[in-house]
Amino acid sequence: MIESSGTLAELSPETKLMCERPGTFSGGHRMCAGCPTGLFTKMLTRVSDEYEIVAGNATGCLEVASSIFPYSSWQIPWIHTAFENASAMMSGVEACYRSLVRQGKMRKKLKFVVMGGDGGTYDIGLQSLSGAMERGHDLTYICYDNGAYMNTGVQRSSATPLGAATTTTPVGSEGSGRKGNRKDLTKIMLAHNLGYVAQASIHDIHDLFRKMKKAIDHDGPSFINLLSPCIPGWKIDADMAVESARQGVECNFWPLFEVENGKFTINYRPTVKKPVTDWVFSQGRFKHLKKHPDVIAAFQAEVDKQWAWLEMEEARTK
Amino acid sequence: MSNLTTGKPKIVPITGAGACAQAMRQINPDVVAAFPITPSTQIVEDFSTFVANGQVDTEFVTVESEHSAMSACIGASAAGGRVMTATSSAGMAYMWELLYVAASMRQPVLMSLVNRALTGPINIHCDHSDSMGARDAGWIQLYSETNQEAYDNLVMAARIAEHPDVRLPLMVCQDGFIISHSIQTMQLEDDKAVKAFVGPHLPYHSILDTAKPVTWGALDLQDYYIEHKRGQEQGMRNALRVIQEVSDDFAKTFGRQYNLFEDYRLEDAEIVLVAINSVAGEIKEVIDELRTKGEKVGLLKIRSFRPFPYEQIGQALSNAKIVTVLDRSASFGAHGPLFTEISTAVYNYASGRPLLMGHTFGLGGRELTLRHIEHVISESRICLDKGEVGNRQGMWLNVRGDKS
C-alpha cells in the first residue's frame, strides 16, 4: 500500500476492502506505459461484498486497450457497443435487471458502472448520459477525464483546458492552443440533482476509493469525474501521471469535492495556495504558454473563480 | 402480468400500429426502449397504457432518442431479456450505427418499423427509404401488406430471431399511415395461444451472469473480424429455413400460411409485378379485374427481403415473360433495391429469361392508384409484344413532369 507504513489492521475499513478483495482487471492490457486509468478499474469489485458489479464502457482508450479479441482484461461482466451511447446501453442492462428481479427471475444484488473518457462523456456521450441520469437508473458513471480525445491522437475536447496544445488546437503563428475555458461537466451533472456527485483524482486513491464506494452504494444515478493524466497527451514522462494529477489538485485546477443530496464538501484544501504555473509548465502541452502570460493569467483567474464558487457552495449548503 | 384472455380469437377493427402494440402486449417482452416518432407513435403510446395498467411485465425505458433506444435494447438483450422497440424513418436512421452492432452481437432485438420517407425534405408519409437503407445492417426484414400480416409477423418474430441457428435482430415493416393508421378488421389471436406459440426467452451469455463473466463487444481487428462477420452471414442464411419453419408452425397453430414471398395468380402469368407491402393490395385488385378480361398477369409479393430468397424467387419467375418491379425507394444513380435483387434472382435461378423492368413510385406517400397500376400492366404488355423494355426502364410513376 502506498502512503502507509502500518499494518492492514491499522487501515480504515475501506482501505482494507481495497487490499483484501480480488481485483477486476488483469494486467497485460495495452494501455500506454505509465497510464493511470487502470488504477480505478482495479477497484471496481473491491468496493463492497454486498453486491456484484456489471460494467459498461464507452469507446475510448480504456475500451480498446482492455478488450482486443480474443483477449480481455475484464474479470467481471463487461460490455461495449459504441462511443456515444454507454449510458443508454447500461440503462438497458439495468432496466432488464430490474425487470427480471420484478418477475422473480433474478435474485442476486447487482450494481452497474459506466466508464468513459472525457470525449465519450463531456462531448459525444453527453445526451445519452443526461438521459440516463434524468431517468434515475441505478448507474454510477465514472468519467476519466484526461482533457482531450487521447485515443484518436490528442484532439481537443470540451474538457481541454485553456491554452492546451492538441492536434486540433496546435500552436502556430496565429494559434496558442485551445481557446476559451473548458466545460464544467461536474456542474452539469449537479444540475441533474443526483444523490451523489464527486470530483476525484487518481493520485489520491483513498479518496477515490471512498468516493467510488459511496457512488456505487448509492441507490440511483451517481457521477464521479476523475482526473486521469495522459502521458502522451499531456507530454509528461511515463512516471509522472500520479504526480501530475497531484499537482493539478494542489493548484486548485481540479478540486476534490463531493456533493451528497445537494450538500457540498471540499475534500482537500491546499495549505499553501500554489499558482497554476508549476503544474502547467510541468507539461509539454502548455509549454508555449511561457510566451503568452495573458493566457496564463486568464487560466489562473478561471481556477480562482471556480474555487471561490466551490467555497461559496460549501458554505451555503453547510 | 394480468388480464390474459383465454378463449377464441377475436375479429377486431384495429390500425396496423394498434395491432403491433397488441402483439407486443401478448409477447410481454422484458424490456421495451423506444422514442416516439410519427407514424409509429401509436405503438409506443398503446404499449405505455399496457405498462401503466399492469398488463405486461415489461420495463419500459423512455429514452431521450432513438440512438439511445437501440443502445438500451442491445444492453437489455445482452442482459438476457426479450427486447422490443418501434420506430420510423429518421428514428431508425438515428439508430443506424447501433443496428449494425445489434446484428454483429447476435442480439435478437425485435423492431416494429412503420415505413416512412427519410428526411430530405422532411416528410411524414410512407416510402421504404428507411428500411431499404438499412438492408445491409444485418437485420432480418419481414414486410407486411396489412395489419393482419404486421401482427402475424410480429408474433412469429421472436421465434425466428432467437432461434439458435439464427440469433439476429428482426424488423417487421408496415406502411406508414396507409396501414399504421387505417382501421381494418383482423383476427386477434388469444393471449395464451400467442404466449404458448412464442415460448419463453432463453438468455444467451447474459451479462448479468456474474459467475461466468463475459466480455461483450471486444475490439476485433484484422485477425478475427471477418470470421465473426461470416458467422453473422451464416445466421442470415439459416434464417431462410427458420422463417419457413416458424411460418409453417404458425399456419398449423393459427391457420394462416405465410411463405418467404406470396405468389398471387402467378402460375400461368406472362406479366408479373413484384412489390412490397400495402401496394400489393391494390395490385391484386387490378389483377383480378384484368384476369376477367383474359390478361395473364400475376403478383409476387416480397415478405422476407433479408434474407432474400433468390433461388425460390428465381424459380417462381421462371415462366414469366416480363417482370415489372415496383420500388418504393430510390437508390440515386442506380436501379431500386428490389429491382436489383429480382434481377439477380432471375439471372441466376430462373430457367426462363423474362424481360425485366423497374419503376420507382410512391416516395413520400405519393399515391399509386388502380389506374396507375393498370397503366403499368398495359405498358408491360407493350414491352412484351415489342420484345424490349427500351426507354421505359427506370421510369418514376405518377411524378409531375415525367412522362409515365
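The exercises below treat two interfaces, that of chain A with chain B and that of the two domains of chain B.

The model is predicted, and local features need pLDDT of at least 70, side-chain atom pairs count only at pLDDT 80 or more, while totals for chains, interfaces and linings use all residues. Residues are numbered from 1 along each chain as its sequence is written, chains are lettered from A and ligands numbered from 1 in the order in which they are written, and side-chain values use heavy atoms, with hydrogens and water left out.

**Exercise 1.** Describe the interface of chain A and chain B, beginning with its residues and buried area.

*Solution.* Step 1: with contact taken as heavy atoms within 4.5 Å, chain A contributes 44 residues and chain B contributes 42 residues.

Step 2: the buried area, which is the accessible area (1.4 Å probe) that two parts lose on being put together, summed over both, is about 3200 Å² for chain A and chain B, with 60% of it on carbon and sulfur atoms.

Step 3: a salt bridge requires a side-chain nitrogen of Lys or Arg within 4 Å of a carboxyl oxygen of Asp or Glu, and the rule finds 4 salt bridges across the interface of chain A and chain B. One of them joins the side chains of Lys105(A) and Asp30(B), at 3.9 Å from N to O.

**Exercise 2.** Identify the strand of chain B that is joined to strand 2 of chain A, and state how the two run.

*Solution.* Step 1: strands are DSSP runs (E, at least two residues) and helices likewise (H or I, at least four), numbered from the N terminus, and two strands pair if DSSP finds at least two bridges between them.

Step 2: strand 9 (residues 215-216) of chain B is joined to strand 2 of chain A by 2 bridges, and the strands run parallel. Within strand 9 of chain B, Thr215(B) is the residue opposite Trp78(A).

**Exercise 3.** Describe how domain 1 and domain 2 of chain B meet.

*Solution.* Step 1: the bounds, which come from an automatic or database domain assignment, are 10-254 for domain 1 and 261-392 for domain 2 of chain B. Their C-alpha centres lie 28 Å apart, and the contact takes 31 residues from domain 1 and 24 residues from domain 2.

Step 2: these domains bury about 2100 Å² between them, of which carbon and sulfur atoms give 55%.

Step 3: the rule finds 3 salt bridges across this domain interface, and the side chains of Glu145(B) and Lys284(B) meet in a salt bridge at 2.7 Å, N to O.
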